[in-house]
Amino acid sequence: MKTHNLKKLFKVTAFAIAISASMPSFAQPTDQVIAVVGNSAILKSDLDQGVAEAVYQLQAQKKELPPEQVLRSQILNQLILQNAQLEQVKRYGIKVDENTLNDAVLKVAAQSGVNSLSAFQQKLDAVAPGTYEVLRSRVANDLQIQRLRQQQVMSRIKISDQDVENFLKSPEGQAAVGSQVRVLHLRVSGDATPAELTKTAQNIKAALDQSDDYKGIQKKFNQDKIKVDAADMGLRPLSSIPGELAARVSSINPGQTSEIIQVKDGAHVLKLLERKSNDQKALVPQYKTRHILIKTSEVVSQENAQQMIESIYNRIQAGEDFATLAATYSSDPGSARDGGSLGWVSPGMMVPEFDQTMKSSTVGVVSKPFETQFGYHILQVTDTRQQDMTKEYQQRMARQALGERQFDAELDSWLRELRTSTYVEIKDPSLAEHNTSKK
């Protein structure tokens, strides 16, 4: 049976909003509870709406529809996961400020060809009153779930220094940092037996070990039944070389010859003449920064966290020592031990709100309190400099690439664990029978 990735159907896009706005509401005067998820409930109207949106979108994309009961079960499972995540959002007190929410809604509006929130509200509510508020609620939920996932999933991803080093040595890593190579490429093919072709390739490898005269080697080993193609590929980006060959080049040093690369109709032999890195340096501004963080938690509400950071800010303005207050109150144990110091921070290392405040701060001046997905902060930039961060940039790029590889797998694992640990009672026996997925 063909399966469909229905997770994507819950992404808030202009297309999805058009679907919602163009369809009638499924809410009824007396609604039926389909499932209980923790302290929340999924109503029959929620499920009907989700199924209708899924059908509309799958048909628009000309994709095959699953059987109705399977589709309803899959949509219900997605609603269960969504509610389970929103339960965690409430548990950890994750909020989205109005400015962030407005920016996100405005991006959706722009996809619909509208450039202001008021015009977007008029457009949606003209189709169905209340649609704009439904949209804002959906976008807010989506942003809160994103923040929850960042907090929960990123902490599960472990990348060692050896992982980074191995990635940077790989064809993908070298291509990403702009490595260039000059390679001699000899290919053996023809009507001879596989054993004869392999023997010729071995002789070519031995000759290449001793000489760079690829044309002479080509002429020497060309025979009636054996064809030898030879070329100096010139200095070119590693990314422009076929992946299988690039992998062999990455594992050898200049002057070395690769092992014989067997293919269906012959063999390849490579010799690396030169490897050159991108000479462009990554000079970036850095900010010597210290901060104080107050996190929300099960015992610290958002309101309490905001009051605490404002109180700490006022105490610093009154003359109290930043480092002492950081060591006493900051929820970031790593920096709190050092008076809130984060050391030299480069743009892009922190979340956008922190980054923006840091870059716009005057040296020596404590920022006003601001919010990120991690809680409430104040920060102080104590010095700035220009730094050659080429090596660090490459390592950070590698960690990001490796993290992106792991994120989806860790997200699926976390969602399975969340689904298993969340109290779920499905009221409809037919849906409970089909709903066996834990993802």
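# Close-ups of a predicted model

**Figure 1. Where strand 9 meets strand 10.** Let's start with a pair of residues: Thr372 stands opposite Gly375 in strand 10. Keep in mind that everything shown here comes from a predicted model. Strand 9 and strand 10 run antiparallel, and three bridges join them. Between strand 9 (370-372) and strand 10 (375-388) there is a loop, and Gln373 is found in it. Is Gln373 buried or exposed? With a relative accessibility of 17%, Gln373 counts as buried, because the cut-off for buried is under 20%. Which residues does Gln373 touch, once we skip those up to four places away in sequence? They are Arg147, Gln150, Gln151 and Val351.

**Figure 2. The sheet with the order 8-7-10-9.** Zoom out from that loop and you'll see an open sheet of four strands, in the order 8-7-10-9, with antiparallel pairing. Strand 8 (341-345) and strand 9 are the edge strands, so each of them pairs on one side only. On average, and ignoring direction, neighbouring strands of this sheet are turned by 40° against each other. Strand 7 and strand 10 pair in the antiparallel sense, over 12 bridges. To spot this pairing, look for Leu283, which stands opposite Asp388 in strand 10. Strand 7 also runs antiparallel to strand 8, and four bridges join these two. Here a handy landmark is Thr289, standing opposite Gly343 in strand 8. Now find helix 12 (residues 302-317): helix 12 lies across strand 7 (283-294), strand 9 and strand 10. Helix 12 runs at about 55° to strand 10.

**Figure 3. The sheet with the order 4-3-6-5.** This view shows an open sheet of four strands with antiparallel pairing, and the order to follow is 4-3-6-5. Which strands sit at the edges? Strand 4 (226-237) and strand 5 (261-263) do, each pairing on one side only. Ignoring direction, the neighbouring strands here are turned by 20° against each other on average. Strand 3 (residues 180-190) runs antiparallel to strand 4, and 10 bridges join the two. If you want one pair to look for, try Arg187, whose bridge partner in strand 4 is Asp229.

**Figure 4. Two helices on that sheet.** Staying with strand 3 and its partner strand 4, joined by 10 bridges, we can now add the helices. Helix 9 (residues 194-210) packs on the sheet and touches strand 3, strand 4, strand 5 and strand 6 (266-276). The direction of helix 9 makes about 150° with that of strand 3. Helix 10 (residues 214-221) packs on the sheet too, touching strand 3 and strand 4. Compare directions with strand 4 and you get about 165° for helix 10.

**Figure 5. Helix 2 crossing helix 3.** Two packed helices are described by the angle between their axes and the distance between the axes. Helix 2 (residues 44-60) and helix 3 (residues 68-91) pack at an angle of about 115°, and their axes are 9 Å apart. Helix 2 and helix 3 are therefore roughly perpendicular to each other. Their crossing is right-handed. Who meets whom here? From helix 2 come Asp46, Leu47, Asp48, Gly50, Val51, Ala54 and Val55, and they meet Leu71, Arg72, Ile75, Leu76 and Leu79 in helix 3. Sort the residues of this contact between helix 2 and helix 3 and you find eight nonpolar, one polar and three charged.

**Figure 6. Helix 4 crossing helix 6.** Helix 4 (residues 98-111) packs against helix 6 (residues 131-154) at an angle of about 115°, with 10 Å between their axes. That makes helix 4 roughly perpendicular to helix 6. The crossing of helix 4 and helix 6 is right-handed. On the helix 4 side, look for Glu98, Thr100, Leu101, Asn102, Ala104, Val105 and Val108. They meet Tyr132, Leu135, Arg136, Val139, Ala140, Leu143 and Arg147 in helix 6. The residues of this contact between helix 4 and helix 6 divide into nine nonpolar, two polar and three charged. You've come across Arg147 before: Gln373 touches Arg147.

**Figure 7. The whole protein.** Step back for a last look. How many helices and strands are there in the protein? There are 17 helices and 11 strands. Out of the 439 residues in the protein, 41% are buried. Among contacts with a separation of 6 or more, 71% are between residues 24 or more positions apart.

Terms used: Residues are numbered from 1 along each chain as its sequence is written. This is a predicted model: local features need pLDDT of at least 70, side-chain atom pairs count only at pLDDT 80 or more; totals for chains, interfaces and linings use all residues. Side-chain values use heavy atoms; hydrogens and water are left out. Buried means under 20% relative accessible area, exposed over 50%, partly exposed in between (1.4 Å probe, protein chains only). Contact means heavy atoms within 4.5 Å. Axes are lines fitted to C-alpha atoms, for helices over the stretch in contact, and angles run from 0 to 180 degrees between N-to-C directions. Angles under 35 degrees count as roughly parallel, over 145 as roughly antiparallel, 65 to 115 as roughly perpendicular and the rest as oblique. A crossing is left-handed if the near helix is turned anticlockwise from the far one by less than a right angle, and right-handed if clockwise. Ala, Val, Leu, Ile, Met, Phe, Trp, Tyr, Cys and Pro count as nonpolar, Asp, Glu, Lys and Arg as charged, and the others, Gly among them, as polar.
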